[in-house]
Amino acid sequence: MTGAQWWRDVVAYQIYPRSFCDTDGDGVGDLEGIRRHLDHVAWLGAGAIWLSPFYRSPMADFGYDVADYCDVDPLFGTIEDFDRVVQEAHARDLKVLVDWVPNHSSDRHRWFVSSRSSRQDPKRDWYWWRDDRPDSAGGHGPPGSPGRLPNNWQQAFTGVGQSERPPAWTWDPDSGQWYLHMFLPEQPDLNWANPEVRAAMADTLRFWMARGVDGFRVDVVQGIGKDPDLADIPDADQPPSGTNDRPETHEVIRELRKVVDGWPDPPARMMVGEVYLPTTAQVATYYGTDANPELHLSFNFPPLFAPWDAGAWRACIDAVVANLDPIGAWPTWVLSNHDNRRHRTRYGSESRARAAAVVLLTLRGTPFVYAGEELGLEDAVVPLERQVDPGGRDGCRAPLPWDATAAHGWSPGPEPWLPWPPDAGGARNVAAQRDDPASILHLYRRLLAVRRASPALTGGDFEWLETPEGVLGWVRSARPDDRRVVLVDFSGAGGPVPLPPGRWDVEVETSGAGEGHTAEGVIELEPDGAVVLRPK
Ligand code: GLC
């Protein structure tokens, strides 16, 4: 894609490197595994890949604890392997987004090692260090005891097999202070109020742009600016990682935007932020304004958390229309990622997952597909003894099965780091579904092709259609005369749905059955069915 704002035109495909494909026999996916399967992504029709972290990391949070922002972890390969991925992705017209984790580093990052070494260290203020709070509730006891925590914040993760969230502070006995970590103790929060931190992190963006990276997915971006007083929050049960929404953050993002927009070589580079906040109105503010732009794109998670229900989805879409359109902010759509149960699992059936694919790929905005959703993968059932994630997210990170053989296209060797998802040896692998034109994989491919070819579906306007209860319908249109009608049954009952005037070709149908037929006046939706119609 060559459009100036190419991120509006593409479908992005998220790859979680550990789970994509292993080529060196250690049971963990690697960059070479990604390179070998770029053809799959191109065949599917995506226009960009987003790689979750592959940086040097002790893997306390499987890579979201970065020990060196500018190097590849040997588990995944080398920087040359990365360069090959970029080169071969670009050769297939795929943009490359990398994950960038600014809120926190690993506790093994040299910056934190230095910061921790003494109160006088020049990098002490690169992280959030605080004294014991003398007057906290029951605030006596020895230094570093729970009654003397600096505030009431809790970390986001409970830890493997735990149900209570520990405090967001860890006591460092050697230097006699607490440090802040909104996630694990192994993920100390960087202090973005410090201009040296801003400069050092901006350099890491430049490092990857110089290697040809087209953009960044910015991890928990709403977290980076903090209340300078680190005051208690009213609801201590809500970890601040998901509620922090501060003016300081917007100021930092505006600076980062200048770094990214200021990169001299084409194409334009972009940032998509993981704004992990509960309302679309909050998310909208992270796009900034024309005069003071912030993120190029932002994730908006309310739809991901919505049940498969027409009313709930209508409300989510209305919130996007009401909050993003008026400020010219381009939406994104996500159903699944590496942090949440897959939508095939949440919604409970493949037919719903198929209908959801039609929603994802025909709304106004940039869709993000999480590797494996094109196969209708369900979460793996991970027995207690194989659970590894402190955030309880192992199921959606199951390895991707490429074929039906015992090793499923991964290097034969030890079992992969997580169990295979259900039916990997039957219909749930790439090879089996490529051979089956009726598979969900082929449905995704048709939807991506239809979307790419239609200005209405990529960039066009959105308008609701009147539909019967339990069905949602919309029209996408672009000048001069490109138009698509989309109808989606959420009720599970299907039934007749009136059509706008004219004759309509069924361009895509979730089951594939009606494709190529013409409809006029009314169309019969299959239960859990969805269609894309084009004027005849
Ligand atoms: C984001 C990532 C998640 C990670 C967390 C901390 O939410 O998506 O995987 O654990 O940030 O970096």
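This is a short chat about the pocket and the ligand in the structure above.

Colleague: What kind of model is this, and how are residues numbered?
Modeller: This is a predicted model, in which local features need pLDDT of at least 70 and side-chain atom pairs count only at pLDDT 80 or more, while totals for chains, interfaces and linings use all residues. Residues are numbered from 1 along each chain as its sequence is written, and side-chain values use heavy atoms, with hydrogens and water left out.

Colleague: OK, where does the ligand sit?
Modeller: The ligand takes up the space of the largest pocket, where sitting in a pocket means that more than half of the molecule's atoms lie within 2 Å of its grid points.

Colleague: Which residues lie nearest the centre of that largest pocket?
Modeller: Ala156, Phe157, Phe183, Tyr276 and Arg393 do, out of 30 lining residues; a pocket here is an open set of points on a 1 Å grid over the protein atoms alone, where a 1.4 Å probe fits, with protein on both sides within 12 Å along at least five of seven lines, and lining residues have an atom within 4 Å of a point.

Colleague: And which residues come nearest the ligand?
Modeller: Asp61, His104, Asp219, Glu274 and Asp339 come nearest, among 14 residues around the ligand, each with a heavy atom within 4 Å of it.

Colleague: How far is the side chain of histidine 104 from a ligand oxygen?
Modeller: An N or O atom of the histidine 104 side chain is 2.9 Å from an oxygen atom of the ligand, and for glutamate 274 the distance is also 2.9 Å, as it is for arginine 393.

Definitions and conventions: Polar contact = N/O pair within 3.5 Å; in protein donor to acceptor, adjacent residues only side chain to side chain.
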